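Student: Could you take me through one part of this structure closely? I would like to see how the domains of one chain sit against each other, and then how a pair of helices packs.

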Amino acid sequence: MLGLGPEDWQAIELTLRLCLYTTAILLVIATPVAWWLANGRSTARVVVQAVVALPLVLPPTVLGFYLLIVLGPRGFIGGTLESIGLTHLAFSFEGILVASILYSMPFAVQPLHEAFSNLGRRPVEVASALGAGAFDRFVTVILPLTKGGFVVAATLTFAHTIGEFGVILMLGGSIPGETKVLSVLIYDHAEAMNYDAAHRLSFMLMVFAFLVLFIVYTINRRFEIAKL
Amino acid sequence: MTIHVRAVLRRQDFELNVEAALPLSGVTALFGRSGCGKTTLLRVIAGLERVRGAEVRFGPLLWQQGRHFVPLHKRRIGLVFQEHSLLPHLSVRGNLLYGYTRTSPERRRLHLDEAADLLGLAALLDRPVDRLSGGQRQRVALGRALLSSPDLLLLDEPLAALDTQTKREIMPFLSGLAATAGVPIIMVSHDPGDVERLADHVVFMREGRIDGIAPLRDALARPDSPLFVDDGVASVLEGTLGETNHLGLRPFGPDEARLWVPADHTNRAGQVRRLRILARDVSLALTDPAGISINNHLPVVIERIDRPRDGRVVVACRMTDGQLLLAEVTPWSVQTLGLRSGQRLFGLVKSVALMA
């Protein structure tokens with residue numbers, strides 16, 4: 001189908017799995033971080049904000065390089081895992097999952113940060129006064145009033161994870177079914193002068209990326225209009 | 001019962017430093033200029049401002065002390081903000097029921113249909129909240145707070161964002177609220193008129209500190225009261241309204257101290273209401289004058305003559321029903337009429353305005 005070989009399908013399946021896991025985990029992590037950034041009073045906020053935004057400006061190879069060191073067999077985390085009888089994370093799916101989570105962090109945190117800032121403190125204060133505890137407030141007030149921010153955060157994270165290349169190449173290499181995601185496969189196809197295969201996958205990704213951005217901007221506009 | 005607060009809070013250009021026992025009977029107004037810290041004090045009481053080292057005790061309940069801190073959702077407080085506090089993703093009904101459903105059934109003192117009747121919201125229940133007028137929104141906010149059956153109601157300038165017309169529409173719901181809801185109210189206000197209409201006790205605040213706490217009656221007996229800064233000295237009388245006469249006027253107060261006030265749709269016979277009379281609208285006469293356009297003549301006894309301020313003298317007169325009527329006259333009149341305390345004479349009230 002679509003002229004894709006089993007290698008291509010394997011990469012697509014792997015990529016989707018990576019994106020889904022990354023998005024799900026990031027939403028859980030980014031929500032409290034963004035809430036704290038939007039409502040906290042601590043001066044440490046600026047530091048955290050800068051750290052979260054680092055992947056936007058760093059070459060992916062830098063992040064990949066440090067992750068390779070830390071997660072690898074002799075690294076702090078990789079070594080600790082080895083010493084308790086587990087395996088290190090370099091050149092593994094778990095490793096590139098950790099990398100994706102860090103690398104896509106700003107794309108999850110920033111839309112949520114903005115949504116929470118726009119929400120302000122009032123609705124939450126109102127809900128507390130009416131007897132709603134923290135989880136109750138989150139589900140019945142914060143979530144419904146910032147769902148646009150969550151949709152944008154999830155979509156951008158998912159799309160950005162698909163576009164990852166440098167970090168994965170540095171940390172994961174190109175192991176089929178484990179770390180050979182679409183972007184790496186396209187690189188391999190092109191290296192092997194297999195331009196037809198590279199073209200098919202590239203074009204698919206381009207259409208996908210366009211659709212994602214189209215959806216995000218549509219949502220953003222709708223929310224802006226609703227605010228007026 | 002009282003609420004005990006001790007809090008010191010410093011921000012760049014602001015300092016709150018209070019230690020006080022606020023009375024909890026009827027309505028207690030936190031009164032002062034904008035920026036004097038009254039809203040911050042209210043937020044400390046609510047637990048919205050978690051000030052380190054602060055202490056808040058509500059009757060026998062310790063809400064904050066040291067590391068002990070009861071979060072707002074466990075304090076059973078009803079909060080009404082200045083504006084924009086309705087949850088925009090819920091209908092009027094959804095907003096009204098938000099606190100109600102989170103109150104255990106045995107604690108509920110009010111139900112949806114009663115609250116809707118009380119606040120005139122029955123026809124609006126299924127409306128989205130962005131299609132309400134400012135006054136309707138504040139009524140929903142009030143109803144929502146009442147439906148959570150709170151032990152204490154905190155109102156943060158609930159009328160400040162409303163125009164005069166809308167304010168008149170809300171006022172009747174607010175006055176008598178303490179009685180209908182059966183809970184003490186603490187209200188923040190910078191408007192002397194609102195305080196005189198609604199409060200039973202006044203907490204005077206200035207530059208982050210509490211200047212004094214007094215029953216409204218005492219607060220109004222001082223001619224230099226901060227309540228008089230805007231409109232001048234005024235007396236507030238409380239009385240029961242009678243049946244409208246053929247001229248469209250209603251008697252107010254007992255026979256021996258009766259005033260006539262214009263009737264309109266907001267008042268009914270048998271209601272206990274407050275009347276605000278500016279001291280400059282009260283003249284004094286040694287005998288009951290005839291042939292004069294002023295209709296309200298009250299026999300009074302001079303209780304006190306204050307020292308002149310800005311060329312005016314405030315004369316405090318005791319009415320036959322015991323309430324205090326303040327008159328503002330010139331030092332010259334005091335001299336020519338030979339006014340002295342204990343003297344019997346007549347207070348002529350040029351204009352009266354019923355409040356709330």
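Tutor: Happy to. In this predicted model, the domain assignment splits chain B into domain 1, covering 2-224, and domain 2, covering 236-355. Measuring between centres taken over C-alpha atoms, domain 1 of chain B and domain 2 of chain B are separated by 33 Å. Where the two touch, eight residues of domain 1 of chain B are in contact with 10 residues of domain 2 of chain B.

Let's stay on the domain 1 side of that contact. Three elements of chain B each give two or more residues to it: helix H5 (164-174), helix H7 (192-198) and helix H8 (216-221). H8(B) provides the largest share, three residues. By character, the residues on this side of domain 1 of chain B are five nonpolar and three charged, with no polar ones.

Now for the helix pair, which is in chain A. Helix H2 (residues 44-57) of chain A packs on helix H5 (residues 93-119) of chain A at an angle of about 115°, and their axes lie 7 Å apart. Because angles of 65 to 115 degrees count as roughly perpendicular, H2(A) is described as roughly perpendicular to H5(A). The crossing of H2(A) past H5(A) is left-handed.

Look next at the residues that meet there. H2(A) brings A:Val52, A:Ala53, A:Pro55 and A:Leu56, while H5(A) brings A:Leu102, A:Tyr103, A:Met105, A:Pro106 and A:Val109. The contact of H2(A) with H5(A) is made of nine nonpolar residues, with no polar and no charged ones.

Conventions. Residues numbered from 1 in each chain as written. Chains lettered and ligands numbered in written order. Predicted model: local features only at pLDDT ≥ 70, side-chain atom pairs only at ≥ 80, totals over all residues. Domains from an automatic or database assignment. Contact = placed C-beta atoms within 7 Å. Helix = DSSP H or I, 4+ residues; strand = E, 2+ residues; numbered from the N terminus. Nonpolar A, V, L, I, M, F, W, Y, C, P; charged D, E, K, R; others polar. Axes fitted to C-alpha atoms, helices over the stretch in contact; angles between N-to-C directions. Parallel < 35°, antiparallel > 145°, perpendicular 65-115°, else oblique. Left-handed = near helix turned anticlockwise from the far one by under 90°.
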